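Here is a colleague's note to read alongside the model. Please keep the structure open and find each place as it is named.

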Amino acid sequence: MSALILIELNGSEVSANSRAAITAASQLSDTIDALVLTNDASNASSVSALAGIGTVKMIVDDSLEHINVEVASRLIADAMSGYSFLVSGSSTFSKNILPRVGALLDVQPISDVCEVKSNKTFVRPLYAGNVMATVETSDETIVMTVRATAFEHSGDGGSASVETISATIPESNSEFISLQESESERPELTTAERIVSGGRGLGSKENFALIEQLADKLDAAIGASRAAVDAGFISNDYQVGQTGKVVAPKLYLAVGISGAIQHLAGMKDSQVIVVINNDPDAPMSRMADLVWQVDLFDALNELNAYQV
Amino acid sequence: MKIIIPVKRVLDPYTQARVNKQTQQVDLTNAKMAMNPFCEIAVEEALTIKESGSASETIAVSIGTDKTVDTLRTALAMGVDRAIFVKTDTELDLQPLHVAKILANIIKREEAELVIMGKQAVDNDNNQTGQMLSGLIDYSLGTFISKFELSSDSNSVEVCREIDSGIETRKLSMPAIVTVDLRLNEPRYASLPNIMKARSKPMETIELSSLDIDTSPRIKVVSVEESGTKDRASKQINSAEELFTELNQMGVL
């Protein structure tokens, strides 16, 4: 009963999602190997340093610099021979690939696992997290993604052996053209300890700078509601919620966010929630540990000017 | 070029899901149902492509009991040309693998070159069916798209994908499957005349049992519990100083 982790790399670093996947896999199996698809063999070093990994399996090819899902899913399905579990973190990287692997293996994957109850039984959210379901699979091979906010992020300290798999890279029927990445010096949204999040109430892209200023003061990441992203105040990768990113920081400071259930689904597990809003009836306010009912611009100006 | 748009009937997204403690399932009896919002976006995109002259026909497909016909009528009223209703006699717990197998059958039968569907349904939030369908029929795949541009010869499509690190642009060869994200378009409303007209549009019914697809559940829901947002203390504060003092005491700064 061994497990294979599909590793997601950010540059040469192992993502927090993958580290959570290792923790989840450790509750399923004593033998955990890691699979890396990359164009750069030197990426083996950060993966072999992960604690708890037996063997790092590398598939290295120039074409893997930008993953084609059709190619990756074939390679992963082939690499699954001998493994009972394929585990990866819930991210757009895995959500794109793992279901396709599941189809190739004739397996029904399990999305967004939040708790491992047994080798066959898992807890996962339905209805934007308003319902938690305990599900039991009858598949022989289990393919799953796990929520990075629900499992500890496994650390370094290992020295796994590295094995290069010589795989024939299949022809691809799609091609990468470009990646428009958001550059930011701030902490990464899904792993940040503090998040300052802005909503429609900010009114404009220019005003959203006040959120950025406060985030810098608190050494926090920036988040946004769907309404703020739809209105073009900030790009899509900052969206928190059911279809965006799921976060659980120590501090979530929501400014001008009314709190649609789809947004609450993405942040309700935050340790401390602060709401700044002038609407006392907003659903967001009931979620708050601290509420400041005020014109949000007055509040942001006062906070940004405050000498800590 | 034929476009297939799979659509799903789900609990109205603005309605709170309730658990029936006896059956240990989400209770949909008498609940308000609607087309999955991501499916509406998929329908809108297909209609836009058809209106631009690049598609010959748009076909909505849904699977379920007789009530599912409502969802297909909604798609027809929005402007889809015809519908295929895959009928089940009872409420089955169909999972993405089953749905993908059923859709694969329909797509082959129709020889459709393009499938446009929602990236997830807001009931089970699986985010799997499009990807699985692509694996079964080996169509190229573009998930979570916020932009769709067909090449002038209709042999490929350029899509923008909303991914965790930003926006990825890819070129997909046809035939292709795309799963749509929220910002692709604003779905239209069905006008009253179009709702009337939809009643006479063609709808083919196919018995699921006639397709010879194994639909035995792979995953069983053992139990469910409501875990909605819990109200918190909501202590009122009135100044930046007060806020920073509280946050310091809580140890979160």
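How many residues does the contact take from chain B, and how many from chain A?

1. Since this is a predicted model, each statement below should be read as a description of that prediction. The contact takes 71 residues from chain B and 74 residues from chain A. On the side of chain B that touches chain A, the residues divide into 28 nonpolar, 25 polar and 18 charged.

2. Several elements of chain B give two or more residues to the side that touches chain A, among them helix 3 (96-110), helix 4 (129-137), strand 9 (140-150), strand 14 and helix 6 (240-250). Strand 15 (235-236) of chain B is also one of these elements, and it can be followed across to the other chain, where strand 18 (residues 290-293) of chain A pairs with strand 15 of chain B in the parallel sense over 2 bridges. Within this pairing, L290(A) stands opposite K235(B).

3. Strand 14 of chain B appears again in an open sheet of 4 strands, whose order is 8(A)-9(A)-10(A)-14(B) and whose pairing is antiparallel. The edge strands, each of which pairs on one side only, are strand 8 (115-116) of chain A and strand 14 (219-226) of chain B. Inside the sheet, strand 9 (residues 121-126) of chain A and strand 10 (residues 131-137) of chain A pair in the antiparallel sense over 6 bridges, and L126(A) has V131(A), in strand 10 of chain A, as its bridge partner.

4. Chain A is divided into domain 1 (3-164) and domain 2 (189-305), and the centres of these two domains, taken over C-alpha atoms, are separated by 31 Å. Where the domains meet, 7 residues of domain 1 of chain A are in contact with 11 residues of domain 2 of chain A. The side of domain 1 that touches domain 2 has, by class, 3 nonpolar, 3 polar and 1 charged residues.

5. The largest nonpolar core has 187 residues, and those with the most contacts inside it are I5(A), I5(B), V43(B) and A60(B). Because domain 1 (3-164) and domain 2 (189-305) of chain A both give residues to this core, it lies between them.

6. Which residues is A60(B) in contact with, leaving aside its neighbours within four places in sequence? With those neighbours set aside, A60(B) is in contact with I5(B), V7(B) and V43(B), and also with L72(B), A75(B), L76(B), V80(B) and A83(B). Two of these partners, I5(B) and V43(B), are themselves listed with A60(B) among the residues with the most contacts inside the core.

How values were computed: Residues are numbered from 1 along each chain as its sequence is written. Chains are lettered from A and ligands numbered from 1 in the order in which they are written. This is a predicted model: local features need pLDDT of at least 70, side-chain atom pairs count only at pLDDT 80 or more; totals for chains, interfaces and linings use all residues. A nonpolar core is a set of buried Ala, Val, Leu, Ile, Met, Phe, Trp, Tyr and Cys residues joined through C-beta atoms within 7 Å. A residue is buried if 20 or more other C-beta atoms lie within 10 Å of its own, exposed if 12 or fewer, and partly exposed in between; C-beta atoms are placed from the backbone. Domain bounds come from an automatic or database domain assignment. Two residues are in contact if their C-beta atoms, placed from the backbone, lie within 7 Å. Two strands pair if DSSP finds at least two bridges between them. Ala, Val, Leu, Ile, Met, Phe, Trp, Tyr, Cys and Pro count as nonpolar, Asp, Glu, Lys and Arg as charged, and the others, Gly among them, as polar.
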